[in-house]
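Here are my comments on the model you sent round. They go from the whole chain down to one strand.

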Amino acid sequence: MRILVCNDDGITARGLRALVEVAQEFGEVVVVAPDRPQSGMGHAISIGVPLRLYPSREFGDIPAWACSGTPADCVKLATGVLGERPDLLLSGINHGANFSISVFYSGTLSAAIEGAFEGIPSIGFSLLNYSMEADFTAAQAIVREILLLQAGQPFPAHVPLNVNIPNLPLPEIQGIRITRQAKGRFVEQFEERIDPYGQPYYWMVGRFESQDTDTDTDLWALEKGYVSVCPLLIDLTAHSYLHHWEMIRR
Ligand code: MN
């Protein structure tokens, strides 16, 4: 099995190294990751600027490239320039959570979604710890468990999986739940500061506010100490609402 490993925290991130370590137990690994942190880039792609790929020795003998673009660019260059046709795409392990509407902002998931566009079974992994010094030991065991399941019965290629792992030691992780995205929003605060030229600038900090108390959500699972596995749809069409606009058809 050929496995493409990407992320959004950049090629030197410890979460990427943790994912590569597990991935190489399952197949031939190739890494294409951004040359700098690209968190919160969503599904951005680079248009009108040069894209560069630098061979990297970050993972010893494992072929690896640092890419000057976004996570989605990494997948595009891996398939379009390097000619990779992986059997599986793994993204992460992200330093930080990606539940609910975070899917829209997440670079980690955009790499997985881009893989799904290409018909590659794709999984994004996130650990609920933003620290660059986070301990990925338990997360690696969960990744291994999910890859074993995937090896037994390959997951649908057009349904990328969003896996979030609670920041707990392995014995305290309660199990794995299949979930849906919790309803909620981010409440942002902007701290204003003044730059050396006297101009204001802003630091954005957000806090997630849940609008969902159901027990089948990613948020609920993570709060209760479960791993959340949320299958994503690429099609954002509001199928069940199409009839609301039927009157404008002509
Ligand atoms: Mn990130």
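The numbered points below cover basis, overall form, surface and charge, and strand S11.

1. This is a predicted model, in which local features need pLDDT of at least 70 and side-chain atom pairs count only at pLDDT 80 or more, while totals for chains, interfaces and linings use all residues. Numbering starts from 1 along each chain as its sequence is written, and side-chain values use heavy atoms, with hydrogens and water left out.

2. The protein chain has six helices and eleven strands (DSSP runs, H or I of at least four residues for helices, E of at least two for strands, numbered from the N terminus). Its C-alpha trace spans about 55 × 55 × 50 Å along the principal axes.

3. Of the 250 residues, 46% are buried (under 20% relative accessible area, with a 1.4 Å probe and protein chains only). Taking contacts (heavy atoms within 4.5 Å) between residues at least 6 apart in sequence, 76% join residues at least 24 apart.

4. The chain exposes about 13,300 Å², and carbon and sulfur atoms supply 55% of that area (Shrake-Rupley method, 1.4 Å probe).

5. Strand S11 (residues 226-231) is largely enclosed by the rest of the structure, because five of its six residues are buried.

6. Which strands pair with S11? Strand S7 (residues 161-165) does so in the antiparallel sense over four bridges, with Asn-164 opposite Ser-228. Strand S8 (residues 175-178) runs parallel to S11 and is joined to it by four bridges; there, Ile-176 has Val-227 as its bridge partner. Pairing requires that DSSP finds at least two bridges between two strands.

Technical notes. Buried < 20%, exposed > 50% of the residue type's maximum accessible area, 1.4 Å probe, protein only.
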